[in-house]
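Trainee: I would like to go through this chain by way of questions.
Mentor: Go ahead, with the sequence and structure in view.

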Amino acid sequence: MERRQDSPAQPKSWGRRVADSRAVEAASRVGLCARGVIYVLVGILAVRIGLGSDSGQEADRSGAVGTLGEQPFGRALLWALVVGLAAMTLWRLCEAAFGQTVEGGEKWSRRLGSLGMAVFYAVICVGVVQTALVGGSSGGRPGDETSKEYTAKVLDWPGGRVIVGVFGAAMLVVGVVILVRSLMRRFERNLRMEEMSPATRRVVAVLGIVGGVACGVVAAGAGLSVLLAAVRYDPSQAKGLDETLRSFATTPAGPALLIAAAVGLLLFGLYSFCEARWRKAAQHGTPAEQPTGAAGPAAHPGAP
């Protein structure tokens, strides 16, 4: 009878141990560093475009990968990026399967969000692998071209217009949520702020707020373009990251808005390195026989 009572809790206990393991923690930190590299490069490319020195590279992830591949030892750098993106994917998959190591991390909404991020980084990882295999001289197809092609294909599906519209609306909402959460400094719940000096806390706060707002604005802009593509039944309306950033230069603010968004993305990349350094992790060494509910929130500090 005792074994039958313990068996239902065993899968959850095993999953919790996997999610809280040092291996998954290391994967999260390596993955965050890879994210930082990508956003720093995207930000630099976009700043160059805003200043009028357009080198022909797309200010998106494909352009960032291409830029990295053109550096000395470019192929080795790309394979290092592959490892980081694979680690990020593994981390997010563990969160989707077992829940995040935070209070409320078992909620389906958070698991679904982690699954979406896992798929997102897996796709990027595959693209970097393809680039590394051909020599690292190209970042692959421009993201704007791919966005329009995929949008056109989905629009031709039965109910495709609704699917594209829902996807665009979801991106728009996610962008707004990221912006609001950044302004509210919710990201600080992820970090071991008590280990930072006052000066470091101020720097990290600026990086998180400005970088998060920039990411939110760009994501909302891209989502709005996809939503318009559905409403107007015109796949050419869908914009990737590069075209979304370039569209900022056509506003009354001109190139200044593009440069501001580019600097924000660069700062988000720098914040990613800070998160990799100070992100809260689950406590290790908890006895395996301890009931999962006994530790309470303190055993799983942090925030999504």
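The exchange below covers the fold, burial, one helix pair and the cysteines.

Mentor: This is a predicted model, in which local features need pLDDT of at least 70, side-chain atom pairs count only at pLDDT 80 or more, and totals for chains, interfaces and linings use all residues. Residues are numbered from 1 along each chain as its sequence is written, and side-chain values use heavy atoms, with hydrogens and water left out.

Trainee: How many helices and strands are in the chain?
Mentor: Helices (H or I, at least four residues) and strands (E, at least two) are DSSP runs, numbered from the N terminus. From that end, the elements read α-α-α-α-α-α-α-α-α-α-α. The count is 11 helices and zero strands.

Trainee: What percentage of the residues of the chain count as buried?
Mentor: Buried means under 20% relative accessible area, exposed over 50%, and partly exposed in between, with a 1.4 Å probe and protein chains only. The chain has 304 residues, and the buried share is 43%.

Trainee: How many residues of helix H4 are buried?
Mentor: Helix H4 spans residues 61-69 and is mostly covered. Its buried residues include Val 65, Thr 67 and Leu 68. The number is eight of nine.

Trainee: Is Thr 146 buried or exposed?
Mentor: Thr 146 sits in helix H7, residues 143-155. Its C-alpha atom is 8.0 Å from that of Gly 240, 94 residues apart along the chain. The relative accessible area of Thr 146 is 18%, so Thr 146 is buried.

Trainee: Which description fits the angle between H9 and H10?
Mentor: Axes are lines fitted to C-alpha atoms, for helices over the stretch in contact, and angles run from 0 to 180 degrees between N-to-C directions. The axes of H9 (residues 198-231) and H10 (residues 241-248) come within 9 Å and cross at roughly 105 degrees. Angles under 35 degrees count as roughly parallel, over 145 as roughly antiparallel, 65 to 115 as roughly perpendicular and the rest as oblique. H9 and H10 are therefore roughly perpendicular.

Trainee: Which residues in H10 are met by residues in H9?
Mentor: Contact means heavy atoms within 4.5 Å. On the H9 side are Val 217, Val 218, Gly 221 and Ala 222; on the H10 side are Leu 241, Thr 244, Leu 245 and Phe 248.

Trainee: How many disulfides does the structure hold?
Mentor: A disulfide is a pair of cysteine sulfur atoms within 2.5 Å. Cys 33 counts as partly exposed because its relative accessibility is 33%, while Cys 274, at 15%, counts as buried. The number of disulfides is zero.
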